[in-house]
Amino acid sequence: MRIRSVEPFILHAPLNTDSISDSTHTITHWGVVGARIVTEDGLEGFGFTGTHAHLPSDRLVTSCIADCYAPLLVGEDAHDGDRLWLKLARNPALQWVGRAGITQIALAAIDIALWDLRAKKAGLPLWKLLGGATKERLEAYNTDIGWLSIPRDRLVEGSLRAIEQDGFRRLKLKVGHEDPTADIGRIEAVRRAVGPSVTIAIDANGKWDLPTCQRFCARAEALDVFWFEEPMWYDDVASHAALARSTSIPVALGEQLYTAEAFDAFIQAGAVHYVQPDVTRLGGITEYIQVAHTAHSHRLPVVPHVGEMGQIHVHLAYWHPASPMLEYIPWIKDCFAEPIRIEAGHYARPQMPGAGTTLTKAAIEAHSKPC
Ligand SMILES: [Mg+2]
């Protein structure tokens, strides 16, 4: 498995609707930005990170892949997981300018492509290579019904449709209006419509400050909120710990954290209950495994954020014993050789060898942008 070449790519794939917004972001396309690694024996591995399809910043990622990481990889043995991860992540010049942001999500793409190669070489889907599935079925929760840009009547309609047509029993609603009373009204409307047995999580995408969150939670506690995700600024450990102490609603976070050490800080402070690592923002699958095991040793569930729309995390969540469920957002799946699939509110278990990242030729032709 000597590495022959490392080639970057950028795809901008349209969403399943014109645009969506949460409290912080508005997007029309999802960026699939990463690397195709080819070995001397002709295997090809795909790895990528997820972006807002903003070409200038996507090119910073592909430049890091092509100019910084590729020369460190060509000629290496793709089997060497931890050694190669350390060679890239601890390269003195790169860690000087990186350890988070561009260099880290570029590392994620590389590390994922290397795991894809190893699983393909073994002839196994990634979950099997990692140690096998720890659950018969993996429940999905639906985020796509709950964007902040969806008006209240359509929010209720979409929630009911997801339950009745697709079998979902778990929903997530975006919150984060300037006036949180609007958010309370939206949660109340959905709760009234779906009844008490459907779980409703909420997600503020880092929007509010501590007193706003505390006032909001005092009212939201009566609505049986399953978790409150990213209530405040992503890196603020102390404020999340204070909120966790002051409300009965569990705190969820992690999608914006770049390193295992960042997760350790939140876990040690008692600032997180549902741990939400994202393999496309951490330094890939190698670092994700470390975070998942740490959370598990603290009896905390691991419910990944799907920056890759579930293609890789479906493998990781079927495998890891701390993962009871996985987020579902139905974008970009048509780009892949084995797209994620939902059956009666549960993820189908992938069967093809690899990490679920192999792009189709049609997707590459339709959505590629120049690196
Ligand atoms: Mg979120």
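Which residues does the UniProt annotation "domain: Mandelate racemase/muconate lactonizing enzyme C-terminal" cover? According to that unreviewed entry, the answer is residues 152-250. Select them in this predicted model. Over residues 152-250 the chain is 52% helix and 15% strand, and the C-alpha atoms at the two ends are 25 Å apart.

**Whole chain**

Now zoom out to show everything. The protein contains 13 helices and 15 strands. Its C-alpha atoms fill a box of roughly 60 × 40 × 40 Å along the principal axes. The radius of gyration is 20 Å, which agrees with the value near 21 Å for a compact globule of 371 residues. Of these 371 residues, 49% count as buried. Among contacts between residues at least 6 apart in sequence, 71% join residues at least 24 apart.

**The nonpolar core**

Select Ile65, Ala106, Ala109, Ile110, Ile112, Ala113 and Leu326. These are the residues with the most contacts inside the largest nonpolar core, which has 111 residues. Helix 4 (residues 102-122) supplies the largest share of this core, 12 residues. At least three core residues come from each of domain 1 (3-123 + 361-369) and domain 2 (128-347). In soluble globular proteins, nonpolar side chains tend to be buried together.

Stay with Ala113 and display its surroundings. Which residues is Ala113 in contact with, leaving aside neighbours within four places in sequence? They are Gly34, Ala35, Arg36, Ile37, Gly45, Phe46 and Gly47.

**Helix 1 and its end**

Next, select helix 1 (residues 55-73) and go to Leu73, which is found in this helix. Is Leu73 buried or exposed? Leu73 is buried, because 21 other C-beta atoms lie within 10 Å and the cut-off is 20 or more. Beyond the neighbours within four places in sequence, Leu73 is in contact with Ile3, Val6 and Leu84. For a distance across the model, draw a line from Leu73 to Ala362: the two are 289 residues apart in sequence and 28 Å apart in space, C-alpha to C-alpha.

**Helix 11**

Move to helix 11 (residues 285-297). At 1.5 Å a residue, its 13 residues should span 18 Å, and the end C-alpha atoms are indeed 18 Å apart. Colour the buried residues of this helix: Ile285, Thr286, Glu287, Tyr288, Ile289, Val291, Ala292 and Ala295. What covers them includes helix 2 (81-89), helix 4, helix 10 (260-268), strand 11 (274-275) and helix 12 (313-319). Just after the helix, stop at Arg299, whose phi is positive, near 60 degrees.

**Two loop residues with positive phi**

Continue to the loop between helix 11 and helix 12, where Met309 is placed. Phi of Met309 is positive, near 60 degrees, in a residue other than glycine. Met309 counts as buried because 24 other C-beta atoms lie within 10 Å.

The last stop is the loop between strand 8 (199-203) and helix 8 (210-220), which holds Asn205. What is the phi of Asn205? It is positive, about 50 degrees, although Asn205 is not a glycine. Asn205 has 20 C-beta neighbours inside 10 Å and so counts as buried, the cut-off being 20 or more.

Key:
Residues numbered from 1 in each chain as written. Predicted model: local features only at pLDDT ≥ 70, side-chain atom pairs only at ≥ 80, totals over all residues. Core = buried A, V, L, I, M, F, W, Y, C linked by C-beta atoms within 7 Å. Buried ≥ 20, exposed ≤ 12 C-beta atoms within 10 Å, placed from the backbone. Helix = DSSP H or I, 4+ residues; strand = E, 2+ residues; numbered from the N terminus. Domains from an automatic or database assignment. Contact = placed C-beta atoms within 7 Å. Rg over C-alpha atoms; globule rule 2.2 N^0.38 Å. UniProt positions renumbered as here; feature names shortened; annotations may be inferred. Expected span 1.5 Å × (residues − 1).
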